[in-house]
Amino acid sequence: MAANRDDWDLVLRNYAVRARPEEISPNVCLCHTDTSIVIHDRYPKSIYHFLVLPRPIPGFIDVDELTDLRTLFKCGREKAKKVLDGLAEEAAKLKKEMEENMLQHNKFKWDIWIGFHPVPSLKHLHLHVMSADLCSDAMKIKKHYNSFHPQRGFFLHLHEVLSWFEAEPSFYARKIQLKPSTYEPLLKHDLECFHCNEEFKTMPKLKEHLQEEWDTIAARERPIWARKKAARKRAEEKKQAAEKARAHGADEGHGNDKGEGASKKRASQSDDDAEPNTKRARTSESLPEDEAGGSATEPET
Ligand SMILES: [Zn+2]
Ligand SMILES: [Zn+2]
């Protein structure tokens with residue numbers, strides 16, 4: 001059944017409170033633990049885009065305290081820190097998996113951003129774990145873009161939020177207020193490429209440029225990763241040959257090819273059009289689409 005207008009902002013919460021997350025479609029839920037669940041963002045704003053949601057824990061934290069960063073901080077410093085550390089741990093594991101997937105499917109890996117939105121439009125705290133490209137069909141409007149721009153200030157990097165705990169109490173107290181009036185104006189900023197700061201008048205122009213930026217990085221990085229892979233392969237072959245030689249009692253050594261570029265493979269052109277391998281949920285329980293109305297001017301999640 002379609003989420004009706006009254007509960008569209010509860011989609012994330014509905015996942016987080018599921019007693020048996022293993023029953024959620026694998027197209028939606030990537031994995032879960034007793035304390036968190038990882039889902040695919042319904043409208044990914046980058047090639048890879050996941051959300052880590054904390055689950056309520058009886059006797060420790062209830063669902064209302066997990067509404068967003070502000071409600072979490074209201075639970076007190078210690079509790080907030082514990083929840084954030086838990087999310088950080090999950091995000092670190094996820095990042096590793098994403099990097100392996102990048103190497104496998106894109107033949108190189110690029111940065112991954114991990115952070116929160118201070119003024120989310122959906123209920124339930126969620127940590128964005130996304131590849132640093134902002135290349136996605138679902139990236140449509142200025143607010144979306146600025147909400148993920150890594151230096152704009154609206155995207156709160158996890159390491160930044162964690163650093164508040166180390167700061168002066170007065171700084172911490174100010175930061176955890178997370179006043180919408182501090183953050184919302186940031187979404188109106190002019191469109192600027194997060195790689196090179198070039199300004200763009202329209203989203204289509206910016207998106208075209210972001211794709212070019214990513215293609216440039218891919219073209220630069222793929223040969224490097226191909227060489228690394230070839231070097232690993234040669235080392236492995238050498239090791240195997242040495243073991244074989246030892247097993248035979250012979251010890252003449254094997255002349256392995258040391259030519260750096262010898263087995264360097266060119267990344268095939270088709271890699272450039274490689275489908276993002278994040279499977280997207282297309283279930284009726286998924287997040288509301290922009291066109292669904294009402295949320296069109298909000299940051300997606
Ligand atoms: Zn640029
Ligand atoms: Zn969000």
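User: Why does the arrangement of the four donor atoms around the zinc ion (ligand 1) get its label, and what is that label?

Analyst: The general yardstick is 109.5 degrees for four tetrahedral donors. Here the four donor atoms subtend angles of 102 to 115 degrees at the zinc ion (ligand 1), so the arrangement is tetrahedral. The label needs four donors with all angles between 85 and 135 degrees. Keep in mind that this is a predicted model, where local features need pLDDT of at least 70, side-chain atom pairs count only at pLDDT 80 or more, and totals for chains, interfaces and linings use all residues. Residues are numbered from 1 along each chain as its sequence is written, chains are lettered from A and ligands numbered from 1 in the order written, and side-chain values use heavy atoms, with hydrogens and water left out.

User: Which residues are the protein donors of the zinc ion (ligand 1)?

Analyst: A donor is an N, O or S atom within 2.8 Å of the metal (3.2 Å for Na, K and Ca); water is not among the atoms, so sites may look incomplete. The zinc ion (ligand 1) has Cys 193 (SG), Cys 196 (SG), His 209 (NE2) and Glu 213 (OE), at 1.9 to 2.3 Å. Their spacing in sequence reads C-x2-C-x12-H-x3-E. Cys 196 sits in the loop between strand E7 (191–192) and strand E8 (199–200), and His 209 in helix H8 (residues 203–247), so this pair ties together parts 13 residues apart in sequence. Those elements are DSSP runs numbered from the N terminus (helices, H or I, at least four residues; strands, E, at least two).

User: Is His 209 buried or exposed?

Analyst: Buried means under 20% relative accessible area, exposed over 50%, and partly exposed in between (1.4 Å probe, protein chains only). His 209 has 12%, so it's buried; Cys 196, at 39%, is partly exposed.

User: How many aromatic pairs are there?

Analyst: A ring pair is described by the distance of the centres and the angle of the planes. Rings of Phe, Tyr and Trp (its six-membered ring) pair with centres within 6.5 Å; planes under 30 degrees apart are stacked, over 60 edge-to-face, the rest tilted. This structure has eleven pairs. One of them, Trp 113 with Phe 155, is tilted, at 6.5 Å and 55 degrees. Trp 113 is buried at 9%, and Phe 155 is buried at 1%. With Phe 194, Trp 113 has its ring centre 4.9 Å away and the planes at 75 degrees, so that pair is edge-to-face. It links strand E4 to the loop between E7 and E8, 81 residues apart.

Methods
Tetrahedral: all angles 85-135°; square planar, octahedral: opposite > 155°, others 65-115°.
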